[in-house]
Amino acid sequence: MGIVLGIESSCDETAAALVDSERRILAQRIASQDEAHRPYGGVVPEIAARAHAERIAPLVEATLADAGMALDDVDAIAATAGPGLIGGVMVGLVTAKALAMASGKPLIAVNHLEGHALSPRLADATLAYPYLLLLVSGGHCQVLLVEALGRYRRLATTIDDALGEAFDKTAKILGLGYPGGPAVERLAREGNPRAVPLPRPLVGSGEPHFSFAGLKSAVLRAHQAGTHSAADLAASFQQAAIDCVVDRTRIALSAVSSATALVVAGGVAANQAMRAALEQLAAEFGLPFVAPPLALCTDNAAMIAWAGVERLGQSDPLDFAARPRWPL
Ligand code: KG4
Ligand code: ZN
């Protein structure tokens with residue numbers, strides 16, 4: 001049995017959680033900064049870093065209090081050490097280092113992407129390696145074959161925008177506000193997905209990479225032409241994005257015969273139309289489709305604490321440097 005305190009601050013959520021080796025989330029708190037970034041239509045790194053610095057210490061304290069615990073009760077302190085917005089990453093990592101130093105508990109520096117990659121195992125004890133993970137959020141857009149703890153094969157990445165970013169930019173073009181994904185999905189329900197002819201970048205290419213910049217530009221041109229309703233634009237954009245994701249993931253699935261499941265994580269995994277399309281794709285390959293609860297799919301500290309649980313027994317030096325870039 002072990003208990004890990006996890007800290008996450010690599011983007012715009014300040015989060016802390018306590019997770020034990022029985023997969024129990026003993027406490028978790030998350031402070032979103034959506035309000036602070038909304039006027040800018042995206043995450044402003046300097047505003048994010050300041051907000052993390054203001055919130056992190058009381059948030060960790062409150063999380064421990066929620067579980068009725070003190071630092072003495074935890075076995076390790078895990079924090080995201082990258083990749084991400086460097087100011088925010090430093091705030092979380094420095095906090096974890098201070099707590100580790102004060103308590104004498106080991107520090108575990110976690111790769112944020114490893115947190116996402118292992119989070120389905122926190123939700124589902126039966127999920128077996130290797131599984132194919134489609135990670136789609138505002139900051140990430142990749143397909144990973146999760147082979148074992150510490151063994152991740154990246155099969156695909158985006159050559160320009162992340163998928164969530166494409167949703168957010170489309171929302172901005174259509175004047176729907178930030179974060180845009182949920183607003184685009186809502187409006188898309190009222191539109192015709194075949195109304196606006198839009199490109200499907202890279203569909204049909206043999207490598208399973210992603211590209212969304214051309215799709216976003218096409219939405220902008222179509223919007224400026226003024227011939228289609230916002231609902232038809234939203235629906236057509238969403239359909240094009242889904243077609244790209246399904247085609248690219250199909251190529252990745254075809255390349256790995258060993259996968260035991262298709263798993264989706266990241267904020268865009270909230271999209272119901274996307275989920276339905278991926279579920280159908282998994283069925284095509286005779287695989288189970290796993291979509292962890294949304295609270296574990298979007299940025300959170302429970303997944304960082306869980307990565308710490310999986311790494312219990314290891315520790316990192318207190319001078320471990322924050323990494324803005326850190327491929328798995
Ligand atoms: O994982 P997340 O909370 O943060 C990171 O970016 O790491 O993901 C947020 C992203 C945003 O781009 C947001 O617009 C998108 O996920 N998103 C959605 C939906 N809900 C959130 N995109 C499409 N449809 C949704 N329902
Ligand atoms: Zn993330």
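## The first sheet

In this predicted model, five strands line up as an open sheet with mixed pairing, in the order β3-β2-β1-β4-β5. The edges belong to β3 (25-32) and β5 (107-111), each of which pairs on one side only. Going from one strand to the next, the twist averages 20°.

Two helices turn up against this sheet. Helix α3 (residues 86-103) packs on it and touches β1, β4 and β5, with a direction that makes about 155° with that of β4. Helix α4 packs on the sheet as well, touching β2 (13-20), β4 and β5, and its direction makes about 95° with that of β5.

## Strand by strand through that sheet

Let's start with the antiparallel part. Strands β1 and β2 run antiparallel and are joined by six bridges. They make a hairpin with four residues between them, and E8 sits opposite A15 in β2. Next along, β2 and β3 are also antiparallel, joined by seven bridges. A16 has R29 in β3 as its bridge partner. The hairpin of β2 and β3 has four residues between the strands too, and there R23 takes a positive phi near 70°.

On the other side of β1, the pairing switches sense. Strand β1 (residues 3-8) pairs with strand β4 (residues 76-82) in the parallel sense over four bridges. Within β4, G6 has A78 opposite it, while L5 has I77 as its bridge partner. Strands β4 and β5 are likewise parallel, this time over five bridges, and G82 stands opposite N111 in β5.

How much of β2 and β4 is buried? For β2, seven of the eight residues are buried, so the strand is largely enclosed by the rest of the structure. β4 is mostly covered, with seven of its seven residues buried.

## The second sheet

There is another open sheet of five strands, ordered β8-β7-β6-β9-β10 and again with mixed pairing. Here the edge strands are β8 (151-157) and β10 (289-290), each pairing on one side only. Strand β7 (residues 141-148) runs antiparallel to β8, and six bridges join the two. One of the residues involved is A148, whose bridge partner in β8 is R151.

Helices lie across this sheet as well. Helix α9 (residues 272-284) lies across β9 and β10, at about 160° to β9. The other one is α4, which lies across β6 (131-136), β7, β8, β9 (262-265) and β10 and runs at about 120° to β9.

## Helix α4, with a sheet on either count

So α4 deserves its own section, because 12 of its 12 residues are buried, which leaves it mostly covered. The buried residues run through H112, L113, E114, G115, H116, A117, L118, S119, P120, R121, L122 and A123. As for geometry, α4 (residues 112-123) has 12 residues and reaches 17 Å from its first C-alpha to its last, close to the 16 Å expected at 1.5 Å a residue.## Where α4 meets α11

How do the axes of α4 and helix α11 (residues 302-310) cross? They come within 8 Å and cross at roughly 85°. That makes α4 roughly perpendicular to α11. On the α4 side, the residues that meet α11 are E114, G115, H116, L118, S119 and L122. Across from them, α11 brings A302, M303, I304, W306, A307 and E310. By class, the contact has seven nonpolar, three polar and two charged residues.

## A look at T227

Finally, a loop residue. T227 is in the loop between α7 (213-225) and α8 (230-255). Is T227 buried or exposed? T227 has 11 C-beta neighbours inside 10 Å, and therefore counts as exposed, since the cut-off for exposed is 12 or fewer. Along the chain, T227 and V196 are 31 residues apart, and their C-alpha atoms are separated by 9.3 Å.

How values were computed. Residues numbered from 1 in each chain as written. Chains lettered and ligands numbered in written order. Predicted model: local features only at pLDDT ≥ 70, side-chain atom pairs only at ≥ 80, totals over all residues. Expected span 1.5 Å × (residues − 1). Buried ≥ 20, exposed ≤ 12 C-beta atoms within 10 Å, placed from the backbone. Axes fitted to C-alpha atoms, helices over the stretch in contact; angles between N-to-C directions. Parallel < 35°, antiparallel > 145°, perpendicular 65-115°, else oblique. Contact = placed C-beta atoms within 7 Å. Nonpolar A, V, L, I, M, F, W, Y, C, P; charged D, E, K, R; others polar. Pairing = 2+ DSSP bridges.
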